[in-house]
Amino acid sequence: MLLRGLTTALRLPRPWRPLEARGCASSFGAANREIQVCALEGQDQGITEILMNRPSARNALGNVFVSELLEALAQLREDRQVRVLIFRSGVKGVFCAGADLKEREQMSEAEVGIFVQRLRGLMNEIAASSAVMGLIETTRGLLPGAGGTQRLPRCLGVALAKELIFTGRRLSGAQAQALGLVNHAVAQNEEGNAAYHRALALAQEILPQAPIAVRLGKTAIDRGIEVDIASGMAIEGICYAQNIPTRDRLEGMAAFREKRPPKFVGE
C-alpha cells in the first residue's frame, strides 16, 4: 500500500508546455513588476533567473510580490527549457527583507492568517518544485510563521533550531555557512553581486547534467529525508525506475563508453 501511494506521488509531471515568450522582455517580466524573469542565452541557455525588484521595501514579501512570484513559478514549472533556476535581487545591498510588516500591520487578523498561509504555500512551492529547479539561492522558507519552525529543525537539528528561533538571532553569511544553513559564503565584490556570481557558477555546473536524473534525484532526497531509511530506499527505487526507460540514461552510458561529453535532451 505504501509503495503504491509512493509510486503515484513520485510520478514525473505531465509533459511541459513552453512559455509563450522567453527572455527578459517576457510578458510576465515587465520592468514595472516586482518579480521579473530572465532566461539566459548562449552557453547558459537552460538557466533562468527570477529577479526580485521591490526597492521601496527592500524586496519584502508583500501581497503583490508574493502573487507575482507564485505566478512566475507556476509558468516556469510548465517550461521544459528551464533546467536550473536562480533567485537574485535587483536591489543593491539586500536579498530579501522577509515579510512586509508594514503592510501586515494594516491587515485584519483574518487577513493576516490568510496571508501567512500564502507565504507558507510559497515556500512549499519553492521547496517542492523538483520538476524544474536544480538550484535555488533564496531564504529557504525560514520565515517565522511561514514554515520556519518545521524547516529549520530539519536543517540544523532541534536544539539549535530552537535556540535561533527563540532568540531571533541574526546570522552573518559566514556563521550561516558554519552551521550548514547555507552551502557557500563569499567575500563581497565592488559591484555587490559576489553571491550571484557564485550561484551562477554552481548553476553552470548543474546545467550539463541529465535533467531528468537531477529532478528525480532532488525528489528522492526531499521525500526520502522525511521517512525511515527503508522507505527512503523504496523512494529511490521508484525514482530510478522512472529514469531507466529515458533516452538520457542511454546517452549517458554511450558517452561514457565513447569517452565524449553527453548530449542530454530531457527525454
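In this predicted model, R260 and E258 form a salt bridge, and their closest N and O atoms are 2.6 Å apart. Neither residue is hidden away: R260 counts as partly exposed because its relative accessibility is 29%, and E258 counts as partly exposed because its relative accessibility is 46%. This pair also has company, since E251, R257, E258 and R260 are linked in a network of salt bridges.

## More salt bridges

Side chains of opposite charge can pair when their charged atoms come close. In this protein the count comes to 13 salt bridges. Here are three of them, with the distance from N to O.

| Salt bridge | N to O distance |
|---|---|
| R260 and E258 | 2.6 Å |
| R54 and D100 | 2.9 Å |
| K218 and D222 | 3.0 Å |

Where in the chain do R54 and D100 lie? R54 is in the loop between β2 (47-52) and α2 (63-77), while D100 is in the loop between β3 (84-89) and α3 (101-105). The pair links distant parts of the chain, with the two positions 46 residues apart. Both R54 and D100 are buried.

K218 and D222 tell a more local story. Both lie in helix α9 (residues 211-224), four residues apart, which is about one turn of the helix. An α-helix has 3.6 residues a turn, so residues three or four places apart point the same way. With a relative accessibility of 33%, D222 counts as partly exposed.

## The overall layout

Stepping back, the protein has 11 helices and three strands. Along the sequence they follow the pattern α-β-β-α-β-α-α-α-α-α-α-α-α-α. Of the 267 residues in the protein, 38% are buried.

## Two helices, face by face

Helix α2 has 15 residues, and the distance from its first C-alpha to its last is 21 Å, close to the 21 Å expected at 1.5 Å a residue. Its buried residues are F65, V66, E68, L69, A72, L73 and L76. Seen down the axis of α2, these buried residues fall within an arc of 165°, so they line one face of the helix.

Now look at helix α10 (residues 229-243). Its 15 residues should span 21 Å at 1.5 Å a residue, and the end C-alpha atoms are indeed 21 Å apart, which agrees. Which residues of α10 are buried? They are S231, G232, I235, I238, C239, Q242 and N243. Around the axis they cover an arc of only 150°, which puts them on the same side of α10. The exposed residues I229 and A230 are carried on the face of α10 turned away from its buried side.

The start of α10 has a cap as well. D228 caps the N-terminal end of this helix, with a side-chain oxygen 3.1 Å from the backbone nitrogen of A230.

## A charge over a ring, and a polar contact

What sits over the ring of Y196? It is the charged end of R88, which lies 3.6 Å from the centre of that ring. As for pairs between aromatic rings, the count comes to zero.

Another contact involves Q36, a residue of strand β1 (residues 35-39). A polar atom of the Q36 side chain lies 3.2 Å from the backbone oxygen of R33. Is Q36 buried or exposed? Q36 counts as buried, because its relative accessibility is 14% and the cut-off for buried is under 20%.

## Separations in sequence and in space

Two further pairs show how positions along the chain relate to positions in space. M123 lies in helix α4 (residues 109-128) and is buried, with a relative accessible area of 5%. M123 and R151 are 28 residues apart in sequence, and their C-alpha atoms are 10.0 Å apart in space.

K162 belongs to helix α6 (residues 158-167). This lysine is partly exposed, with a relative accessible area of 44%. K162 and T149 are 13 residues apart along the chain, and 8.3 Å separates their C-alpha atoms.

Key. Residues are numbered from 1 along each chain as its sequence is written. This is a predicted model: local features need pLDDT of at least 70, side-chain atom pairs count only at pLDDT 80 or more; totals for chains, interfaces and linings use all residues. Side-chain values use heavy atoms; hydrogens and water are left out. Rings of Phe, Tyr and Trp (its six-membered ring) pair if their centres lie within 6.5 Å; planes under 30 degrees apart count as stacked, over 60 as edge-to-face and the rest as tilted. A charge sits over a ring if NZ of Lys or CZ of Arg is within 6 Å of the ring centre and within 35 degrees of the ring normal. Buried means under 20% relative accessible area, exposed over 50%, partly exposed in between (1.4 Å probe, protein chains only). A polar contact is a pair of N or O atoms within 3.5 Å; within protein, one must be able to donate a hydrogen and the other to accept it, and residues adjacent in sequence count only if both atoms are side-chain atoms. A salt bridge is a side-chain nitrogen of Lys or Arg within 4 Å of a carboxyl oxygen of Asp or Glu. The expected span of a helix is 1.5 Å times one less than its number of residues. The arc is that of the directions from the helix axis to the C-beta atoms.
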